[in-house]
Amino acid sequence: MNDELKMKWHSIYGQILFDRKLMSAWKQVEENKGCGGIDWETIETFKADEERKILQILQDLKNKEYKPTPVKRVYIPKKNGDKRPLGIPIIKDRIVQQSIVNVLSPKFEDGIFHKCSCGYRPNRGIERVMQIILWYVEHGNNYIYDCDIKGFFDNIPHKNLMKILTKYIADGTVLDMIWAWLKSGYMEEGKFLESNSGTQQGGVISPLLSNIYLNELDWELEKEGIKFVRYCDDFLLFAKSDEEIKRASEIAKKLITSLGLEIAINKTKFVDFHKDDFKFVGFDFKHWRERKNGSGKYFIVEPTEQSFKDFKKKIKDVTCKTLTLSQEAWIQRVNPIIRGKVNYYLYPYKAVEQNKRYGLESHCYLKSFSKQLHAIDAYTRQRLRVCMQHKHPNVRKGFEKIHKWNVGYFCGIKLIPSNWLYYNKMYGYKIEQYVEKQTQNWKKKQNNRIEKLKAQGKEYYTKKVLNGIAINKGLVMT
């Protein structure tokens, strides 16, 4: 709901005036890691004297002497090549913001936030987004409006946000604190700059404030009977006809304009899912198509090409050949990345399974990217073949080990193949089955290669090939 509460929330400030509450907030900040703000205080230096510093923050809050510090402005690259500004608060401000979030978040989760808002919320996220999208598409809502809000975090009008907050919060001290955080400004290249709009991306409280602001949009769409799903400032509208989706888009544009925001024209489009594809939350949704045997229709959901590139980059970043580590240490560096990426790729499958519990038959095909996973596994093994050689490692030496350090060898030293893990989670695919299948496929390819060379009148077992085999088997060529 987005109606003003008859019984607004009082005494929020008093709920954070306990050392245990601040210590709990600090532990959350510590877990989230991150660099320090403009005072050079880091997670490590704060931890070294955490009890005294927590008590000092508590004393400042009790005496109402707490004042926020300007954030440190940094820039991170975006996928399109641009840079996204981030504001890094000092550790003290992060702790106080987290303590306020810990009090406010459960209150907004209890009937205020809309069920189709999925970003930055507990027990919601990508899996919930996938559930909603698949549910709508399977029920014939194949006309989609894919919308993005232009510079959302940087352009939220402060007064409008405070006006919305006063619909729920009656604690003046907390409202003053939020206003102070919004107006704290930022430091860039040694200069202080004011913040006249927006919430600092990087601030602990920013995700909550962004959801509170766009909660207005969510419930107005609900009142108009428009089906939607929102993840932060990206959202999709769904309808069963072209006329309906155009009507929905006009309503959405008016609502966004009334909030003092703009549509990002270059990132917004209409989609007819009968023939058009779209991307959302790191996945490609590929339109309905007929099965070759004529048994019905299906559509495809798979990770985006950029997601696979990011996967390879993360593997590359942790497999630097200049390091000298044990095989076990190398495996420990890459396995968490593989687990994390595959768990992300499993969100559509988990959503399908959840929807089945509500009686929804799925037409979503989830096995279209085995080739990409195999390619990443091969890339990972080749990076490790180079890294695991301590004496002058290079690509040539890596290829010399391709027979000795094969799929079976790496599985034996506990490297997790992404292809196996994906299908293991879905179907219980055993690692022994994976190794056997990959070994058979490799032998088949090898035999095909030899036969092809024979047909061309060429020799496969050249001196160079025999030398490589001898090296792998520990033999010496004469």
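Here are five short exercises, each with a worked solution, on a predicted model of a protein.

**Exercise 1. Getting an overview**

Find out how many helices and strands the protein has, and what share of its residues is buried.

*Solution.* Start with the secondary structure: the protein has 19 helices and 12 strands. Next, look at the overall dimensions. Along the principal axes, the C-alpha atoms fill a box of roughly 85 × 60 × 40 Å. Now turn to burial: of the 478 residues, 47% are buried. The exposed surface comes to about 25,600 Å², and carbon and sulfur atoms supply 51% of that area. Finally, consider contacts with a separation of 6 or more: 70% of them join residues 24 or more positions apart.

**Exercise 2. A salt bridge inside one helix**

Work out where K27 and E30 sit relative to each other, and whether each is buried or partly exposed.

*Solution.* Begin with a general idea: side chains of opposite charge can pair when their charged atoms come close. The cut-off to apply is 4 Å between the side-chain nitrogen and the carboxyl oxygen. For K27 and E30, the closest N and O atoms are 3.7 Å apart, and the two form a salt bridge. Then place them in the chain. Both belong to helix α1 (residues 19-32), and because they are three residues apart there, about one helical turn separates them. For the last step, recall that buried means under 20% relative accessible area. E30 has 19%, so E30 is buried, while K27, at 34%, counts as partly exposed.

**Exercise 3. From a pair to a network**

Identify the other salt-bridge partner of K27 described here, and the network to which K27 belongs.

*Solution.* The side chain of K27 also meets that of E50 in a salt bridge, with 3.4 Å from N to O. This pair links distant parts of the chain: K27 is in helix α1 and E50 is in helix α3 (residues 50-62), 23 residues apart. With a relative accessibility of 15%, E50 counts as buried. Now put the pieces together: K27, E30, K47 and E50 are linked in a network of salt bridges. In the whole protein, the count comes to 21 salt bridges.

**Exercise 4. A bridge between two helices**

Explain which parts of the chain are tied together by K341 and D310.

*Solution.* First check the distance: the closest N and O atoms of K341 and D310 are 2.8 Å apart, and the residues form a salt bridge. K341 lies in helix α12 (residues 327-345) and D310 in helix α11 (residues 305-317), so the pair ties together parts that are 31 residues apart in sequence. Then compare the surroundings of the two residues. K341 counts as buried at 13% relative accessibility, whereas D310, at 26%, counts as partly exposed.

**Exercise 5. Reading a sheet**

Determine the strand order of the open four-stranded sheet and say which strands stand at its edges.

*Solution.* The order is β9-β10-β11-β12, and the pairing is mixed. β9 (278-280) and β12 (364-365) are the edge strands; each has a single partner strand, so one side of each is left without a neighbour in the sheet. Here is the general background: strands of a sheet pair through backbone hydrogen bonds, either parallel or antiparallel. Now zoom in on one pair. Strands β10 (residues 283-290) and β11 (residues 297-303) run antiparallel and are joined by six bridges. For K286, the bridge partner in β11 is I300.

Key:
Residues are numbered from 1 along each chain as its sequence is written. This is a predicted model: local features need pLDDT of at least 70, side-chain atom pairs count only at pLDDT 80 or more; totals for chains, interfaces and linings use all residues. Side-chain values use heavy atoms; hydrogens and water are left out. Buried means under 20% relative accessible area, exposed over 50%, partly exposed in between (1.4 Å probe, protein chains only). Contact means heavy atoms within 4.5 Å. Accessible areas come from the Shrake-Rupley method with a 1.4 Å probe; for residues, only the protein chains shown count as cover. Two strands pair if DSSP finds at least two bridges between them.
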